[in-house]
Each structure stands twice: as C-alpha cells, then as structure tokens.
Amino acid sequence: MYRIQHIEQNTERRFAAVAAEPLLSEVALPEPRGTLREQVQDYIAANLHRAISPAEILQVFPCSRPTLYRLFGADGGLVSYIRTCRLREAAIILVQLPFQGIVDIAYYVGYGSASDFSRAFRRSFGISPSAYRRACLLARCHDVTPASATGISSVGLLKQSDQALPASALQNQGMLGFAA
C-alpha cells in the first residue's frame, strides 16, 4: 500500500513539474523547412530578442547534443553562431534606425548590458557600434561603399540591411521606444 501511495505522489510531482515549465507555444517556432540546421537557424533568427540556450534548442529539436554542436562546428560552435546572428541583427538595426539608442538595440538583440554588447561588437567587427553607425550613415550620404567606410569588407551587413526590419515587432517587444 505504501509503495502505491509513493508512486502516486511521485506521479503527481512529475505532472506538477511539467505543468510549471513554459509551453513551447509561448516561443516563436519557425515553419519547418529543409535540413535540421536550417530549422535551427530559423528558430534562432525568430528568437534573437531573448536568451536562447543550447538546452532550449535541444528541447525544441529532437537531436543529440553532439549532433547539434556538430551542425554549427564550422561557425565556431552554436553559441558563437547565436552571438554572430545577434551582432549582425544589431548592425542592421544600427543603420536602419539611426536615432534609436544603442542601449535599446543591445537589449533588443538579447544582450544584458550595453557594455557587453559594445565589447562583443568591437571584438567581432573591429569597430564600436556608434562608430559603425556613423561610418555607415556617412557612407550612405556620400554614396560611398559601406565596406570602404567601415573597413568591414567580408561581412556584407549593409546588403542585409536593405531588407525591411519588422519595426512593429520591435515596438511590440516594448524594447524600442519609437513610434512605428
């Protein structure tokens, strides 16, 4: 009798623990496409505005940890890939929204502080976020190629910046204080 009660109590605890976890419906899930790598890339792109961990990705996509890390090995690893995506998104926003504060952009792309963001941006691109913004805006005003103005030739960020940003999504996140 004791054993049955113990099993029932453990079952109730497990159900309570599962019920307390956030639902997958609360996170943005991309439409399935192509390979597992492409699906993970889409998921990361859809959730850049919040903290994404490898453990969370493993919960969403049914694969082993070594497989997930192998998929992004050429990019320096999964965490490095996520950081690069965040920084590229930030670079695009820096140019498309020139009056938006760098701190707001840092928080929007998932950084906890402006100093962490600035340090990562400088390490990755060799230039501070504010200097990058000034150089790109100056390049646009003078019709100079962005690569020569910033010294960033292999990244091609401004080619991506021609794509429309979801300004309404930025506003809806409550992270950026501007009127869309």
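1. The place to begin is S115, which lies in helix α7 of what is, it should be said at once, a predicted model. With a relative accessible area of 41%, S115 is partly exposed, and its side chain is joined to that of S113 by a polar contact of 3.3 Å. Although S115 and V103 are 12 residues apart along the chain, their C-alpha atoms are separated by 8.7 Å.

2. For the overall plan, the chain has 11 helices and zero strands, so a reader following the sequence meets the pattern α-α-α-α-α-α-α-α-α-α-α. Of the 180 residues in the chain, 34% are buried. Among the contacts with a separation of 6 or more, 53% are made by residues 24 or more positions apart.

3. Helix α7 also holds a charged pair, since the side chains of D116 and R119 meet in a salt bridge with a distance of 3.1 Å from N to O. These two residues are separated by about one helical turn, because they stand three residues apart in helix α7. D116 counts as partly exposed at 35% relative accessibility, and R119, with a relative accessible area of 42%, is partly exposed as well.

4. The same helix contributes to the aromatic part of the model: F117 and F121 both lie in helix α7, which spans residues 114-125, and they are four residues apart, or about one turn of the helix. Both F117 and F121 are buried. A wider grouping can also be traced here, as Y111, F117, F121, F125 and Y132 form one aromatic cluster. Just after this helix, in the loop between α7 and α8, comes S128, which counts as buried at 14% relative accessibility. Not counting residues up to four places away in sequence, S128 touches F121 and R122.

5. In total the structure holds six aromatic pairs. One of them is formed by F72 and Y81, and this pair is tilted, with 4.9 Å from centre to centre and 40° between the planes. The rings of F117 and F121 have their centres 5.7 Å apart and their planes at 55°, so that pair is tilted too. As for burial, F72 counts as buried at 0% relative accessibility, and Y81 counts as buried at 14%.

6. Y81 has a further partner, because the charged end of R37 is placed over its ring, 5.8 Å from the ring centre, which falls within the 6 Å that such an arrangement requires. R37 also takes part in a salt bridge with D75, in which the side chains meet at 2.6 Å, N to O. This pair links distant parts of the chain, with D75 in the loop between α4 and α5, R37 in helix α2, and the two positions 38 residues apart. D75 counts as partly exposed at 29% relative accessibility, and R37 counts as partly exposed at 24%.

7. Helix α2, where R37 is found, covers residues 36-46 and has V40, Q41, D42, Y43 and I44 among its buried residues. Which elements cover the buried residues of α2? The covering includes α3 (54-60), α4 (65-71) and α5 (78-96).

8. The structure holds three salt bridges, and one that has not yet been described joins E56 and R50, whose closest N and O atoms are 2.4 Å apart. Here the two partners fall into separate classes of accessibility: E56 counts as buried at 14%, while R50 counts as partly exposed at 23%.

9. Side chains of opposite charge can pair when their charged atoms come close. Why, then, does R133 have no salt bridge? The nearest side chain of opposite charge, that of D104, is 8.6 Å away, and a salt bridge needs a nitrogen and an oxygen within 4 Å, so this pair does not qualify. R133, which is found in helix α8 (residues 129-141), is nevertheless buried.

10. What lies around R133, leaving aside its neighbours within four places in sequence? R133 is in contact with L94, L97, P98, Q100, I102 and I105. With L94 there is also a polar approach to note, as the backbone oxygen of L94 lies 2.8 Å from a polar atom of the R133 side chain.

Conventions. Residues are numbered from 1 along each chain as its sequence is written. This is a predicted model: local features need pLDDT of at least 70, side-chain atom pairs count only at pLDDT 80 or more; totals for chains, interfaces and linings use all residues. Side-chain values use heavy atoms; hydrogens and water are left out. Buried means under 20% relative accessible area, exposed over 50%, partly exposed in between (1.4 Å probe, protein chains only). Lys and Arg count as positive and Asp and Glu as negative; His and the chain ends are not counted. A polar contact is a pair of N or O atoms within 3.5 Å; within protein, one must be able to donate a hydrogen and the other to accept it, and residues adjacent in sequence count only if both atoms are side-chain atoms. Contact means heavy atoms within 4.5 Å. Rings of Phe, Tyr and Trp (its six-membered ring) pair if their centres lie within 6.5 Å; planes under 30 degrees apart count as stacked, over 60 as edge-to-face and the rest as tilted. A charge sits over a ring if NZ of Lys or CZ of Arg is within 6 Å of the ring centre and within 35 degrees of the ring normal.
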